[in-house]
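Dear colleague,

I am passing on to you the structure we spoke about, together with some notes on what was found in it. Please look through the sequence and the model before reading on.

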Amino acid sequence: LDVWQEVEALVVEAWESHGTAPAGAGAAVRSAPPVDIAEWKAREAVTHHDVAAFVDVLATSMDAHGEWLHYGLTSSDVLDTAQGVLLKEASGILLEGAAGLFETVRSLALTHRDTVMVGRTHGIWAEPTTFGLKAASWAFDIARGWRRLVAAADEVSTGTISGAVGTYATVPPDIEEHVMAALGLDPEPAPTQVVARDRHAAFLAALALLGATIERIAVELRHLQRSEVAEAVEAFRTGQKGSSAMPHKRNPIRAENLTGLARLLRGWSVAAMENVALWHERDISHSSVERVAIPDACLTLDFALARMTSLLEGLVVDSDRMKANLDATGGLVSSQAVLLALVETGMSRNDAYRIVQRHAAAVWDEGADFADSLVADPDVPLDEDTIASLLDPARAVRHAGVVFDRLEAATL
């Protein structure tokens, strides 16, 4: 309501400078007391129109010149322009939160750049990686989300003062120029009475994508916290209970919470896309959606950014458990290194693959030692030291420093 009143005041001031409204009309709007919410809602019960009720209450409270309030305007001029102001302010808060999460994740990645662990694809052992590399990918995801939000925030920092159906028939363009300049907004270049809703769809999509990145991190942490893995766990505070029935439980409740919130953000994004196609110059099918989706999505992402930042700041990373899980693979995670080494000896890729797969199967099925099995095979023309070198996890991440160079150089 305060922003609505600011928009109305700026319009009357513009009319005043235009020579249409009398001197002091703009000041009368600006000095009027804030609209009383109870009085406004009581009036809306009569008008069945929120902006009309707002104008009636505000005009009545003015000492003079109330007839110039809302002169030449239609409701969307006030609603959409005020919404542009609020979204610009909200975007600043969300961008600050995303930047804070980025720095937290970058610090986590750099701290654990050499913390070697099992890399998994399809949930199955793949090749060695480091926890730092995992976190680095999260950091770059967040950075992309931050940039998308910057672009989306710019798009929704838009208003219009163009009158019914957007033709400027009752309010000339210089009135709009005055208002937009004062509010720091861009005018909708071809208004149809409303600001185009693809802007808001892009904004909520940007929020949903940041939510999806948060969910990606949360899902990974949920997997890493599983009892059989136990490589990274949420901090468990004194007095906290993981279960009402099982005292031993330490559940990944915050990560699970964030997974659910990301689903809400995606839902609101889809609803915003449904708002793009309005009838003719406008209808209000978008209005009920936006009254829920826009504020709730902003609040939800703000909360999710803060919660994920807190979760990661307190995350307990168990490097010993990571090493133990890596050792438990018996060297299988280095099977590709052996395969390539055999190819380099002149062996066909198919033959090399078949040999390495046979020894890997012995590890899976019989509990054999991968290195010993390879060394004992006369078909493997590699000595013991070479095989040991190939199975060293450090070999798999020897070139990974380039990622951290990129991460250290990354800026928002």
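A residue is called buried when its relative accessible area is under 20%, exposed when it is over 50%, and partly exposed in between. By that cut-off H280, at 74% relative accessibility, counts as exposed. Please keep in mind throughout that this is a predicted model.

I begin with two histidines and their backbone angles. H280 lies in the loop between α9 and α10, the latter spanning residues 285-313, and it has a positive phi of about 50 degrees although it is not a glycine. H70 is another residue other than glycine with a positive phi, in this case near 70 degrees, and its place is the loop between α4 (50-61) and α5 (75-111). Whereas H280 is exposed, H70 has a relative accessible area of 17% and is therefore buried. A positive phi is also found at a glycine, since G346, just after α12, takes a value of about 105 degrees.

The next topic is the salt bridges, of which the structure holds 18. I describe three pairs and one network.

In the pair K41 and E44, the closest N and O atoms are 2.6 Å apart. Both residues lie in helix α3, which covers residues 37-47, and they are 3 residues apart, or about one turn of the helix. K41 has a relative accessible area of 42%, so it counts as partly exposed.

The side chains of R266 and E215 also meet in a salt bridge, at 2.7 Å from N to O. Because R266 lies in helix α9 (residues 253-274) and E215 in helix α8, this pair ties together parts that are 51 residues apart in sequence. The two partners differ in their cover: R266 is partly exposed, at 32% relative accessibility, while E215, with a relative accessible area of 14%, is buried. Helix α8, in which E215 has its place, runs over residues 198-224. Leaving aside residues up to four places away in sequence, E215 touches T259 and A262 as well as R266.

In the third pair, the side chains of R358 and D377 meet in a salt bridge of 2.6 Å, N to O. This pair links distant parts of the chain, with R358 in helix α13 and D377 in the loop between α14 and α15, 19 residues apart. D377 has a relative accessible area of 7% and is therefore buried, whereas R358, at 37%, is partly exposed. Elsewhere, salt bridges that share partners join E6, E13 and R30 into one network.

I turn now to helix α12, which is made up of residues 335-344 and in which A337, V338, L339, A341 and L342 are buried. What lies over these residues? The cover of the buried residues of α12 includes α13, α14, α15 (384-390) and α16 (393-396).

On the surface, there is a patch of negative charge in which D369, D372, D383, E384 and D385 gather. One of these residues, D369, has its place in the loop between α13 (349-366) and α14 (370-375). With a relative accessible area of 39%, D369 is partly exposed.

Finally, I would draw your attention to E155, which lies in helix α6, residues 131-156. E155 has a relative accessible area of 32%, and so it is partly exposed. Not counting residues up to four places away in sequence, E155 touches R199 and A202. How far apart in space are E155 and H359? These two residues are 204 residues apart in sequence, and the separation in space is 58 Å, taken from C-alpha to C-alpha.

If you prefer to start with a few places in the model, I would suggest the R266 and E215 salt bridge, which joins helices α9 and α8, then the buried residues of helix α12, including V338 and L339, and then the negative patch that holds D383, E384 and D385, among others.

With kind regards

Notes. Residues numbered from 1 in each chain as written. Predicted model: local features only at pLDDT ≥ 70, side-chain atom pairs only at ≥ 80, totals over all residues. Heavy atoms only, no water. Helix = DSSP H or I, 4+ residues; strand = E, 2+ residues; numbered from the N terminus. Contact = heavy atoms within 4.5 Å. Buried < 20%, exposed > 50% of the residue type's maximum accessible area, 1.4 Å probe, protein only. Patch = residues over 30% accessible without salt bridge, like charges linked within 9 Å, V, L, I, M, F, W, Y side chains within 5 Å. Areas by Shrake-Rupley, 256 points an atom, 1.4 Å probe, with all protein chains shown as cover. Salt bridge = Lys/Arg side-chain N within 4 Å of Asp/Glu carboxyl O. Lys, Arg positive; Asp, Glu negative; His and termini not counted. Charge placed at Lys NZ, Arg CZ, Asp CG, Glu CD.
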